[in-house]
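Colleague: I should be grateful for a close look at one part of this model, with its surroundings described as far as they help to place it.

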Amino acid sequence: MKQIFKLTYWNHVNGWLLVLPAVFMISLFTHFPIGSSMIHSLFSMETATRPSTFIGLENYAFLMDDDIFWKVLKNNLVYSLCTVPLSISIALGMALLINGKIKGRSLVRMAFFTPTVLPMIAVANIWLFFYTPEYGLFDQIFAFFGGGSHNWLGNPDTALFCLIVMVIWKESGFFMVFYLAALQQMSPELREAGTVEGSGRWYYFRRVTFPLLMPTTLFVTVNAVVNSFKLVDHLVIMTKGGPDNASSLLLYYIYENAFSFWDTSYAATLTVVLVTILAIITIIQFAVVEKRIHYQ
Amino acid sequence: MSSIILKNISKRWGSTQALSDINFQCEDGTLLVLLGPSGCGKSTTLRLIAGLETPTSGTIEIGGKDVSNLPPVKRNISMVFQNYALFPHLSVAENIVFGLKARNIPKQEQKKRLKDAAALLGLSTLLERKPAQLSGGQRQRVALGRSIVAQVSVCLMDEPLSNLDAKLRQEMRQEIRSLQQRLKMTMVYVTHDQVEAMTIADKIILMNSGRIEQHGTPEELYNQPATDFTGSFIGNPPMNILIPDETILKAFSSMLSGPDSSPPYRIGIRPENLTISGESGITVQVVATEYLGADTLIACRFGRQDITVALKGKSAARAGDSIRISWKPEHMYLFHTDTGKRLLETKKDPFP
């Protein structure tokens, strides 16, 4: 009995020792910053003359009245609701297309994946040119058909939409790779069995391919949602959140508060809100979708 | 009603000739086995019948109708795949009625067919399970169920038992055979296992390098092999193929005669037809013995040639011994050295 106790005891110790490095790293770079942000959000901003003091939930009260926060949050919701479903469905469509036997398959594959390989700054610059008034790509096309000049990024009505288009273009290729990998794992025998059993393309996709892709879809969706809340770099290059915060998103607003206005307390408050939103969405995604997924 | 006829079928991929000049007929309600070593084209032939591949030339008829250019669904066939091809996310019941749903068969009819098939295959208590929760044999039954509920008279099987262990394989092949006979299905069955083929088939087509080597009943393939390939493929252990040298020609001069000391034929003789004799025959060296219970296999060397002898019961021969073996003329086959074809006349000089 004693022997067994000793063994299991040392097993536990061994186990903990093995995960210790990973736990340490995760704590240092994930848990500690979250905790530190939470604490920081309860203090006032430190200035040269006034030290930081505990102010309780005052920052959160300010946040509730902050029109810009609500605008940015709304922007972010619109942005997420557009980019997530669209980029995922386009990714799936492209993966299905190039998984089949088509001519010039590797060329198409490469073309679909190129946006992902490009550095984000380069992407933003390319699209900055596309959207340039008068001589940008889109305006040149419009001009060809007799259209006028548009200030795509300078117009509050179109700025966010412009960002959405660009991000879908960039993200789809990346998500496609996951779908393509999942599709290639599927046994061709299943497709053949489906064919012999008389299932058409659409029926087979609905009953077999799509359900079997669900683990990938969940993974990609979580990633897409998280990505949609952490876009900063393109904004810095293209619009700086303008005009009048029309294209600003949550993380960019945090960045502005922290590093342009140096209001780190308020930035910490916003961060806590962002993390909470992401946590809730992810929990819902896993709780609801997980049950319906078949893992092989 | 649902006989299958292949006429002058050939199939090539690029420069690879997978099948050439395949002609055969599978009678209605019979079980035809396509047998051969891997890469011989047996699976390709089956996939051509199924419509999963299209022939480069030639025609395929099922039930008197030319189906060469029809998609699988219009050919009125069902198919069981080597790895079962069950949909992993669907329950047993869903898997079985998958095709019926795809073809919009009424719900009531689906239920009835599912119930009948499940009862027939002993799956009634497993209908809610997922394929991952089933044993290999049960998965195989589900795959069979899927092909039974289709209620088509042609069933194609691509090495359906190769993933099962030996005991289960024996049970399942009996089950498949009795199912085929009870439902009067026309079945084409691909396997590389000659024991499976011999036990299950009405007719066997033995294939080699994309050609039909021999088409006949199991007895015909065993007793009247058309080529040395058939001889050495059918039967366990395989037939000994000997190159006649002077010693052999001398020892069996009563039954063999050639133009010279190296006649243009080879001698085929089955291990079970070899006997240990006192005085006549040839002397061979025992290399190893394998005691199998009912038989003993004795691996021997004769000059540079290998000979296997199968004896009933336990043999006293040991490795290193010299034994004298002999055979009767009626058990001997002669095959042409170049073509491999069997020479029908053995006693007299086959090359006048």
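The request and the reply below concern one helix and what surrounds it.

Colleague: Which residues are buried in helix 11 of chain A? Please set out the neighbourhood of that helix, and then the wider setting.

Modeller: The model is a predicted one, and what follows should be read in that light. Helix 11 of chain A covers residues 250-260, and its buried residues are Leu250(A), Tyr252(A), Tyr253(A), Ile254(A), Glu256(A) and Asn257(A). These buried residues pack against helix 3, helix 10 (233-238) and helix 12 of chain A. Two of the residues named, Tyr253(A) and Ile254(A), also belong to a nonpolar core of 31 residues, which includes Ala124(A) and Leu270(A) as well. In general terms, nonpolar side chains of soluble globular proteins tend to be buried together.

After helix 11 of chain A comes Trp262(A), which is placed in the loop that leads from helix 11 to helix 12 of chain A. Trp262(A) is not a glycine, yet its phi is positive, at about 55°. Trp262(A) counts as exposed because it has 12 C-beta neighbours inside 10 Å, and a residue is exposed if that number is 12 or fewer.

Beyond this loop, helix 12 of chain A (residues 264-290) has a further partner in helix 2 (residues 58-65) of chain A: the two axes come within 10 Å and cross at roughly 75°. Helix 2 of chain A is therefore roughly perpendicular to helix 12 of chain A. On the side of helix 2, the residues that meet helix 12 of chain A are Asn59(A), Tyr60(A) and Leu63(A); their counterparts in helix 12 are Ser265(A), Tyr266(A) and Thr269(A). This contact is made up of three nonpolar and three polar residues, with no charged ones.

Helix 3 of chain A, against which buried residues of helix 11 pack, leads to the wider setting. The largest nonpolar core has 91 residues, and those touching the most other members are Tyr179(A), Val33(B), Leu156(B), Val188(B) and Tyr189(B). Helix 3 (residues 67-99) of chain A gives this core its largest share, seven residues. Within chain B, and leaving aside residues up to four places away in sequence, Val188(B) touches Ile4(B), Cys26(B), Leu32(B), Leu34(B), Leu46(B), Ile49(B) and Leu156(B). The core of 31 residues that includes Tyr253(A) and Ile254(A) lies apart from this largest core.

The two chains also touch directly, through 16 residues from chain A and 17 residues from chain B. On the chain A side, helix 8 (188-196) and helix 9 (201-228) each supply at least two residues, and helix 8 of chain A provides the largest share, six residues. By class, that side of chain A comprises seven nonpolar, six polar and three charged residues.

Chain B offers a counterpart to the backbone feature described at Trp262(A). Lys184(B), likewise not a glycine, has a positive phi of about 50°. Lys184(B) is found in the loop between helix 5 (166-182) and strand 8 (186-191) of chain B. With 12 other C-beta atoms within 10 Å, Lys184(B) is exposed.

Key:
Residues are numbered from 1 along each chain as its sequence is written. Chains are lettered from A and ligands numbered from 1 in the order in which they are written. This is a predicted model: local features need pLDDT of at least 70, side-chain atom pairs count only at pLDDT 80 or more; totals for chains, interfaces and linings use all residues. Two residues are in contact if their C-beta atoms, placed from the backbone, lie within 7 Å. Helices (H or I, at least four residues) and strands (E, at least two) are DSSP runs, numbered from the N terminus. Ala, Val, Leu, Ile, Met, Phe, Trp, Tyr, Cys and Pro count as nonpolar, Asp, Glu, Lys and Arg as charged, and the others, Gly among them, as polar. Axes are lines fitted to C-alpha atoms, for helices over the stretch in contact, and angles run from 0 to 180 degrees between N-to-C directions. Angles under 35 degrees count as roughly parallel, over 145 as roughly antiparallel, 65 to 115 as roughly perpendicular and the rest as oblique. A nonpolar core is a set of buried Ala, Val, Leu, Ile, Met, Phe, Trp, Tyr and Cys residues joined through C-beta atoms within 7 Å. A residue is buried if 20 or more other C-beta atoms lie within 10 Å of its own, exposed if 12 or fewer, and partly exposed in between; C-beta atoms are placed from the backbone.
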